[in-house]
Amino acid sequence: MSSLFATAPAHAQSAKATGDVDLSARLQAAQSDPKLNESLFKTGRKVAAFCANCHGEGGNSPKADTPNLAGQNPAYLLEQLRQFADGRRRNEFMEGMIKAMTADEKVGMVLFYAAQPVTPKPPTKPALVARGKEYYGKTCFRCHGEDGRGGEKFARIAGQQPEYLTVTLKRYRVGQGVRTDPLMAANTKLMTDADIDAVVAYVTSMP
Ligand code: HEC
Ligand code: HEC
């Protein structure tokens, strides 16, 4: 399959767009080989020019319902690409988009976005943010970190777009449909809509 973005092969042994390329292994190879890293990063930057239509320049989304990709953790991003590809996570546009990407474009965009800074949002509604902080400190921090930046296995959520966060948390709470995850289902099951509003206000305000 040829690429949507007309990027040149990033390396002599460029990974093809076949489903059997191990994306995690390719990412690890790039992380320990500065030359490969640099060429895949360039590929990723080219791809990102297309994604910018919705996800914004450098992955800081201009739309409240579209996620930032800036500062997102590499392993999490790759896992979401896998979930869109195998139907565990549903979004018609993203599913089509990912089918058209080569393995190197996927790994390249992950390297590119992970390195982009998140633009902090001006603080709003201090009382709601304080309530959200209290809730966050009871559970969410255990996986997403005190600073909301997640880790190797967990998503960065600090500074994420508010509408996207609200919709996502409500999807997990339902426990079935376009996006599910057992850990997040367990952690949202008891949240009221008011809890979600407060946590979203806090998480969005995190730098
Ligand atoms: C037409 C708009 C649009 C374009 C263009 C687009 N995306 Fe998306 N993307 C979305 C929306 C909307 C979502 C949120 C889907 C959902 O969960 O409801 C999303 C979600 C994602 C996610 C999951 C993020 C997370 O935090 O879980 C990734 C990764 C992603 N897109 C990567 C890309 C890449 C890479 C490109 C470019 C090759 C791209 N997108 C182009 C609209 C777009
Ligand atoms: C036990 C670990 C754990 C706890 C506690 C937890 N999460 Fe998560 N969270 C995850 C995992 C794993 C994922 C990725 C799930 C997937 O692939 O859809 C995730 C994903 C998310 C996402 C989606 C990120 C994105 O970019 O789309 C949001 C938002 C989120 N969590 C918010 C929260 C909030 C708010 C809390 C507290 C109420 C919380 N999480 C508690 C493990 C956890």
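## Ligand 2 and its shell

A residue belongs beside a molecule here if one of its heavy atoms lies within 4 Å of it. Helices are DSSP runs of at least four residues, numbered from the N terminus. The model is predicted.

Ligand 2 is surrounded by 24 residues. Cys140, Cys143, His144, Tyr164 and Met184 are the closest. By class, the shell holds 15 nonpolar, 7 polar and 2 charged residues.

## Polar contacts

Three side chains reach oxygen atoms of ligand 2 through polar atoms. For Arg179, an N or O atom of the side chain is 2.8 Å from an oxygen of the ligand. For Gln80, the distance from a polar side-chain atom to a ligand oxygen is 2.9 Å. For Tyr76, it is 3.0 Å.

## Where the shell comes from

Four elements each give two or more residues to the shell around ligand 2: α3 (74-86), α7 (141-144), α8 (162-174) and α9 (182-188). Which of them gives the largest share? That is α8, with 5 residues.

Both domains take part. Domain 1 (23-114) and domain 2 (126-205) each supply at least three residues to the shell around ligand 2.

## Cysteines

A disulfide is a covalent bond between the sulfur atoms of two cysteines. The model has 0 disulfides, counting pairs of cysteine sulfur atoms within 2.5 Å.

How accessible are Cys51 and Cys143? Cys51 has a relative accessible area of 14%, so it falls under the 20% limit and counts as buried. Cys143 is partly exposed, at 31% relative accessibility. Cys143 is also one of the residues closest to ligand 2.

Key
Residues numbered from 1 in each chain as written. Chains lettered and ligands numbered in written order. Predicted model: local features only at pLDDT ≥ 70, side-chain atom pairs only at ≥ 80, totals over all residues. Heavy atoms only, no water. Buried < 20%, exposed > 50% of the residue type's maximum accessible area, 1.4 Å probe, protein only. Polar contact = N/O pair within 3.5 Å; in protein donor to acceptor, adjacent residues only side chain to side chain. Nonpolar A, V, L, I, M, F, W, Y, C, P; charged D, E, K, R; others polar. Domains from an automatic or database assignment.
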